[in-house]
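Biologist: Can you walk me through this one? I have a few quick questions.

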Amino acid sequence: MEENNILCNFYKKKYCLPVYSGTLAIEGLLKSLKLKNTDKILISSISCYSILEAILNAGLTPIIATPKNGILFSIEELKKILKQEKIKVYIAVHQYGYYQELPKINNLIVIEDLSQTWNLKKKDGTKIEYYGDYLIQSLGSSKPLSNSIGGLILSDIDISKNFDLKTKKSRMTKSKLLEYYYPLKINYKKIIAKANKKIFNQRYNAKKFNLIFAGKKSIDIFPNDNYSSCYHRYVIKVNRSIVNQLINIFEKAKINYELEYKLKLSDLPIINEYKIKTLNDYSSGEYIMVLLKTNNSLFNINKLKKEMEKFYEG
């Protein structure tokens, strides 16, 4: 357990526990809280499957809800869910690097998953305060804050006392068993410097995407009015009538993109197998969510701009 390191100071938490992955961080943290197996853990339906897996490995009861806008819950939506269900823990994911606002509810344990974010800010430039009781940060190779391997649990209490660091019952991959604890020293200054550069480029590319897609017929930019996202993915909603044409444009410009984010958790067979309760399973309707990777080259983004201009002029 590390105390008052550079990330603790950044996030205003006292302790930082390095583990082998973000998934193990969630699983281990949940086990350390000494919850009952009937305690309900709320997650979004577009959370990564490994979060659901961590909850099940911890022997707890997941509740899966779908945000109305497809990515983030509004405060009103969260309050309605919390009134409807007796939720013990809410794992709030700042999906694709967009900031998930949090309700302040007594007796609700909030775990913020920061794995797709780094250095989120309000539009006026002020730093966002993190209200979660615990913060999770994956340091995987694809993440904004990357050490290639590892994960972190940040907290105001020393949870290592309740954490079975050497258990062999956990797993990192299906083929290899690993204990939770990550024994190597992490060069926090180095990974922060890399993350700052990465996020600067992502935000710059997101501005380019904004200029390309703003005001375009049949395309909606995901609203981000109050916060400066880190844009792990840049999200647009595309009318189904032009999806195929838009994909052809992306392919021609060699733009890296994804359609939706895997399957929604509520659509997986494991839901029926474990009899997991799902809420607010909204349909995407006439729009399909397209996720543009913000590590696309400026050359390809400029090529996309020209192709989009031709498409809409034609």
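The chat below goes through one helix, the sheet beside it and one loop residue.

Modeller: Sure. Keep in mind that this is a predicted model.

Biologist: Start with helix H6. Which of its residues are buried?

Modeller: H6 spans residues 243–253. Its buried residues are Val-243, Leu-246, Ile-247, Ile-249, Phe-250 and Ala-253.

Biologist: How wide an arc do they cover around the axis?

Modeller: An arc of only 155°, so they sit on the same side of H6.

Biologist: And which exposed residues are on the face turned away from that side?

Modeller: Asn-244 and Asn-248.

Biologist: What covers the buried residues of H6?

Modeller: Several elements. Helices H5 (188–213) and H8 (298–313) are among them. The cover also includes strands E10 (219–221), E12 (233–239), E13 (257–259) and E15 (287–293).

Biologist: What does Lys-254 do just after H6?

Modeller: Lys-254 takes a positive phi, about 60°.

Biologist: Now the sheet. What is the strand order?

Modeller: E10-E12-E15-E13. These 4 strands make an open sheet with antiparallel pairing.

Biologist: Which strands are at the edges?

Modeller: E10 and E13. Each of them pairs on one side only.

Biologist: What about the twist?

Modeller: From one strand to the next, the twist averages 30°.

Biologist: Zoom in on E10 and E12. How many bridges join them?

Modeller: There are 3 bridges, and the two strands run antiparallel. Asp-220 stands opposite Lys-237 in E12.

Biologist: Which strands does H5 lie across?

Modeller: H5 lies across E10, E12 and E15. It runs at about 15° to E12.

Biologist: And which strands does H6 touch?

Modeller: H6 packs on the sheet and touches E10, E12, E13 and E15. The direction of H6 makes about 140° with that of E12.

Biologist: Change of topic. Where is Gln-100?

Modeller: In the loop between strand E5 (87–93) and strand E6 (109–113).

Biologist: Buried or exposed?

Modeller: Gln-100 has a relative accessible area of 1%, so it counts as buried. The cut-off for buried is under 20%.

Biologist: What lies 2.8 Å from a polar atom of its side chain?

Modeller: The backbone oxygen of Phe-73.

Biologist: What else does Gln-100 touch?

Modeller: Leaving out residues up to four places away in sequence, Gln-100 touches Leu-72, Phe-73, Leu-78, Tyr-90, Ala-92, Val-93 and His-94. So Phe-73 turns up both in that contact list and as the residue whose backbone oxygen lies 2.8 Å from the Gln-100 side chain's polar atom.

Notes: Residues are numbered from 1 along each chain as its sequence is written. This is a predicted model: local features need pLDDT of at least 70, side-chain atom pairs count only at pLDDT 80 or more; totals for chains, interfaces and linings use all residues. Side-chain values use heavy atoms; hydrogens and water are left out. Buried means under 20% relative accessible area, exposed over 50%, partly exposed in between (1.4 Å probe, protein chains only). The arc is that of the directions from the helix axis to the C-beta atoms. Contact means heavy atoms within 4.5 Å. Two strands pair if DSSP finds at least two bridges between them. Axes are lines fitted to C-alpha atoms, for helices over the stretch in contact, and angles run from 0 to 180 degrees between N-to-C directions. A polar contact is a pair of N or O atoms within 3.5 Å; within protein, one must be able to donate a hydrogen and the other to accept it, and residues adjacent in sequence count only if both atoms are side-chain atoms.
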